[in-house]
Amino acid sequence: MPFRSLRLKLRQRRHNSTHARIRCLGEQAMAALKGWCLPRKLRCSTNRVTAIVKPIPALRHAST
């Protein structure tokens, strides 16, 4: 959870910066998933969908 205030200490600003970097990766992965047709057309169990979709953030991160 990021810190919210007008005057943040250095440690809190660093925490917010790290939090934003981690969150950015997740948001980019979700945006990539929304653009792909594969997850929308899958008709299998949710356990399989999880196994299929799990590598997408790693692939997305590796390609940038």
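This briefing covers the fold, the confidence and selected residue contacts of one protein chain.

The model is predicted. The protein chain has four helices and zero strands. Of its 64 residues, 11% count as buried. Helix H1 takes in residues 10-35, and most of the notes below concern residues of that helix.

**Overall architecture**

- Read from the N terminus, the elements run α-α-α-α.
- The chain exposes about 5,800 Å². Carbon and sulfur atoms supply 60% of that area.

**Confidence**

- Mean pLDDT for the protein chain is 79. A value of 70 or more is reached by 88% of its residues.
- Among the elements, H1 has the highest mean pLDDT, at 84. H2 has the lowest, at 67.
- Where pLDDT is low, predicted coordinates should not be read in detail.

**Helix H1: length and buried residues**

- H1 has 26 residues, and at 1.5 Å a residue it should span 38 Å. Its end C-alpha atoms are 38 Å apart, so the expected and modelled spans agree.
- The buried residues of H1 are Gln-12, Asn-16, Ala-29, Ala-32 and Leu-33.
- An α-helix has 3.6 residues a turn, so residues three or four places apart point the same way.

**Gln-12 and Asn-16**

- Gln-12 sits in helix H1. Its relative accessible area is 16%, so Gln-12 falls under the 20% limit and is buried.
- The side chain of Gln-12 reaches the backbone nitrogen of Lys-9, at 3.1 Å.
- Asn-16 is also a residue of H1. Asn-16 counts as buried because its relative accessibility is 18%, again under 20%.
- Beyond its neighbours within four places in sequence, Asn-16 is in contact with Pro-2, Phe-3 and Leu-8.

**His-19 and the chain start**

- His-19 belongs to helix H1. Its relative accessibility of 24% lies between the 20% and 50% limits, so His-19 counts as partly exposed.
- Not counting residues up to four places away in sequence, His-19 touches Met-1 and Pro-2.
- Met-1 and His-19 are 18 residues apart in sequence. Their C-alpha atoms are 7.5 Å apart in space.
- Pro-2 is thus named twice: it is in contact with Asn-16, and His-19 touches it.

**The salt bridge in H1**

- The count of salt bridges comes to one. Arg-23 forms a salt bridge with Glu-27, and the closest N and O atoms are 2.7 Å apart.
- Both residues lie in helix H1, four residues apart, which is about one turn of the helix.
- Arg-23 has 51% relative accessibility, over the 50% limit, so Arg-23 counts as exposed.
- Glu-27 has a relative accessible area of 44%, so Glu-27 is partly exposed.

**Leu-42 and helix H3**

- Leu-42 is placed in the loop between helix H2 (38-41) and helix H3 (46-53).
- Leaving aside neighbours within four places in sequence, Leu-42 is in contact with Val-49 and Ile-52.
- Leu-42 and Ile-52 are ten residues apart along the chain. Their C-alpha atoms are separated by 9.9 Å.

Note on methods
Residues are numbered from 1 along each chain as its sequence is written. This is a predicted model: local features need pLDDT of at least 70, side-chain atom pairs count only at pLDDT 80 or more; totals for chains, interfaces and linings use all residues. Side-chain values use heavy atoms; hydrogens and water are left out. Helices (H or I, at least four residues) and strands (E, at least two) are DSSP runs, numbered from the N terminus. Buried means under 20% relative accessible area, exposed over 50%, partly exposed in between (1.4 Å probe, protein chains only). Contact means heavy atoms within 4.5 Å. A salt bridge is a side-chain nitrogen of Lys or Arg within 4 Å of a carboxyl oxygen of Asp or Glu. Accessible areas come from the Shrake-Rupley method with a 1.4 Å probe; for residues, only the protein chains shown count as cover. The expected span of a helix is 1.5 Å times one less than its number of residues. pLDDT is the predictor's confidence in each residue, from 0 to 100. A polar contact is a pair of N or O atoms within 3.5 Å; within protein, one must be able to donate a hydrogen and the other to accept it, and residues adjacent in sequence count only if both atoms are side-chain atoms.
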